[in-house]
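Me: Please take a close look at one part of this model, the nonpolar core and the elements packed around it. I would like one connected account.

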Amino acid sequence: MPRETPPWVGSDFEPPTYKLKKIDEQSPEYKASLEITRSANPVVAVFGLSVLEDVELYRRNIGVDYSKTAAEQKIKKVLGASREEFKRLCYSNKTNHATAAFLREAMHDPHLEPQFRKIGSYLFPELAFQFVHRISYKLYEELLRWRQENMRQKQEAFARELPAVQEAVFLRIQRGMDKGTLPIDQRVFERRIKGTQVFLVDGLEMELEGGYGGAFYNEQGAICIGENVPFSAREKTLTHEWLHAFSGNTLASRIFEEGSEQAYTMVSPLRLGMHFKDRERYQSSSRFWWLNEAMTESLVMKLYEDEPTGQKPEFSYVDERALLEAFMVRGKKEIPWNILVNAYFENYNPTLLDTSTQNTRGTGVPAWKKLTTFVSEAYHPRFLVTLDNVVKQHGAKKALAIMQRNKGRT
Ligand SMILES: [Zn+2]
């Protein structure tokens with residue numbers, strides 16, 4: 001599973017410095033970076049896979065690198081650490097749905113069921129966190145192996161169903177483009193379809209709000225769908241993730257340790273849709289995540305507008321969408337939807353001429369600038385940043401309450 005945050009986040013280490021260069025998505029640099037990221041950091045879609053690989057490695061090296069006792073100790077250590085991680089996932093409200101579903105399925109396995117029965121907890125997978133410590137190393141390893149096979153079967157079934165689901169998703173998005181709901185360039189639409197891979201991922205590998213969902217990773221051109229997303233919700237979830245993939249971006253390559261032997265390049269977006277991933281420093285200042293999700297899900301809702309009421313899927317990001325609606329109307333003047341949408345789909349191309357400024361350093365971001373002008377007039381120039389800080393600190397629900405109380409001031 002790709003992680004968005006680099007290893008130094010949350011640690012005391014200073015992130016390494018780098019030279020940043022904005023690049024075009026059609027540049028050879030981006031294509032090369034996609035290939036490297038995909039092979040160096042593949043989407044590991046199943047919980048416990050790397051643990052089992054380590055265990056295999058220790059067993060294979062008994063009598064070579066390790067004595068039997070030393071190997072067994074190492075195996076216990078990796079399994080123990082993984083079991084602790086599993087326990088943490090059982091406690092987390094982002095993954096406890098997934099751990100319960102995982103155990104419920106495993107407990108139905110005819111080989112595993114008697115072993116669970118022995119530790120006296122086979123009836124209540126929801127209470128898994130209370131009995132994880134009773135799962136022996138041996139049973140835990142079997143559980144991980146069972147999961148690999150279980151997920152392999154699910155991924156095979158998913159691969160069979162995917163073409164039909166994707167066809168429906170693309171048709172819906174194409175209709176939105178034809179109607180003018182989605183200002184996506186046809187060439188961008190086709191290019192991104194070609195450049196994006198879709199994976200079914202273990203629910204335990206996806207720490208997402210609500211316990212299930214999807215994610216889009218620009219760095220790898222990958223959409224990940226949680227295996228625990230119900231079949232009926234997959235089309236809607238995929239539509240949401242594909243909109244992230246079609247949304248506008250500003251890509252940057254970062255050259256670390258330039259000129260040295262350790263030099264390496266990473267390409268990632270500075271901005272995706274409304275989400276500014278990072279600015280000067282890699283670990284900091286992710287901005288407007290809430291706005292990006294609220295807009296993505298609102299666009300999905302518009303694509304399902306003509307669907308009969310009873311057949312509409314359930315839409316997520318309720319609080320973020322409510323905040324977006326308030327943000328649009330509560331200022332001194334309204335912020336029109338199309339101003340937001342144009343900013344959402346705006347691609348920054350550094351190799352094209354900016355027609356508005358005749359600047360040869362790229363297309364610039366006129367749609368984003370137009371939006372910020374509207375926000376300044378409706379509120380004040382720093383309003384979006386201030387609001388974003390409130391959301392980060394207190395969540396969208398609280399931010400909305402504060403906004404309603406202050407009649408639009410934060
Ligand atoms: Zn999203």
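Reply: What follows starts with the whole chain, goes on to the core, and then takes up the helices, the sheet and some single residues.

The model is a predicted one. The protein chain holds 14 helices and seven strands. Of its 410 residues, 34% are buried. Among contacts between residues at least 6 apart in sequence, 65% join residues at least 24 apart.

The largest nonpolar core has 73 residues, and those that touch the most other members are I223, C224, I225, W242, M295 and L323. The element that gives the most to this core is helix α9, residues 289-303, with seven residues. Domain 1 (49-149) and domain 2 (286-410) both give residues to the core, so the core lies between them.

L323 can be followed further. Leaving aside residues up to four places away in sequence, L323 touches W290, A294, A396, A399 and L400. L323 falls within helix α10, which spans 318-329. Of its partners, W290 and A294 fall within α9, residues 289-303, while A396, A399 and L400 fall within α14, which spans 396-405.

W242, another of the core residues with the most contacts to other members, is one of the buried residues of helix α8. Helix α8 runs over residues 231-246, 16 residues in total, and reaches 23 Å from its first C-alpha to its last, close to the 22 Å expected at 1.5 Å a residue. This helix is mostly covered, with twelve of its 16 residues buried. The buried set is not confined to nonpolar side chains: R234, K236, H240 and E241 are among them, alongside L238, W242, L243 and F246. The elements that the buried residues of α8 pack against are the helices α6 (137-179), α7 (186-195) and α9, and the strands β3 (214-217), β4 (222-226) and β6. Core residues I223, C224 and I225 fall within β4.

Helix α13 gives a second case. Residues 383-394 make up this helix of twelve residues, and its span from first C-alpha to last is 16 Å, close to the 16 Å expected at 1.5 Å a residue. In α13 the buried residues are L384, L387, D388 and V391. They cover an arc of only 105 degrees around the axis, which puts them on the same side of α13. The spacing fits the general rule: an α-helix has 3.6 residues a turn, so residues three or four places apart point the same way. The cover over the buried residues of α13 includes α9, α12 (366-378) and α14. Helix α9 is thus found among the elements packed against α8 and also among those covering α13. After α13 comes G395, with a positive phi near 90 degrees.

Strand β6, one of the elements packed against α8, belongs to an open sheet of four strands in the order β1-β5-β6-β7, with antiparallel pairing. The edge strands are β1 and β7 (275-276), each of which pairs on one side only. Strands β1 (residues 18-23) and β5 (residues 249-256) are joined over six bridges. Within that pair, Y18 stands opposite F256, and K22 has A252 as its bridge partner. On the other side of β5, eight bridges join it to β6 (residues 264-272). There, L251 is partnered by P269.

Two loop residues have an unusual backbone setting. Most residues other than glycine have a negative phi. F288 is not a glycine, yet its phi is positive, at about 65 degrees. F288 is found in the loop between β7 and α9. The second such residue is Y317, with a positive phi of about 55 degrees although it is not a glycine. Y317 sits in the loop between α9 and α10. Both count as buried: F288 has 20 other C-beta atoms within 10 Å, and Y317 has 22 C-beta neighbours inside 10 Å. For F288 the count is exactly at the cut-off, because a residue is called buried at 20 or more.

One residue of domain 1 (49-149) can be added. F116 lies in helix α5, residues 113-118, and is buried, with 22 other C-beta atoms within 10 Å. F116 and A106 are ten residues apart in sequence, with a C-alpha to C-alpha separation of 9.2 Å in space.

Conventions
Residues numbered from 1 in each chain as written. Predicted model: local features only at pLDDT ≥ 70, side-chain atom pairs only at ≥ 80, totals over all residues. Core = buried A, V, L, I, M, F, W, Y, C linked by C-beta atoms within 7 Å. Domains from an automatic or database assignment. Contact = placed C-beta atoms within 7 Å. Expected span 1.5 Å × (residues − 1). Arc of directions from axis to C-beta. Pairing = 2+ DSSP bridges.
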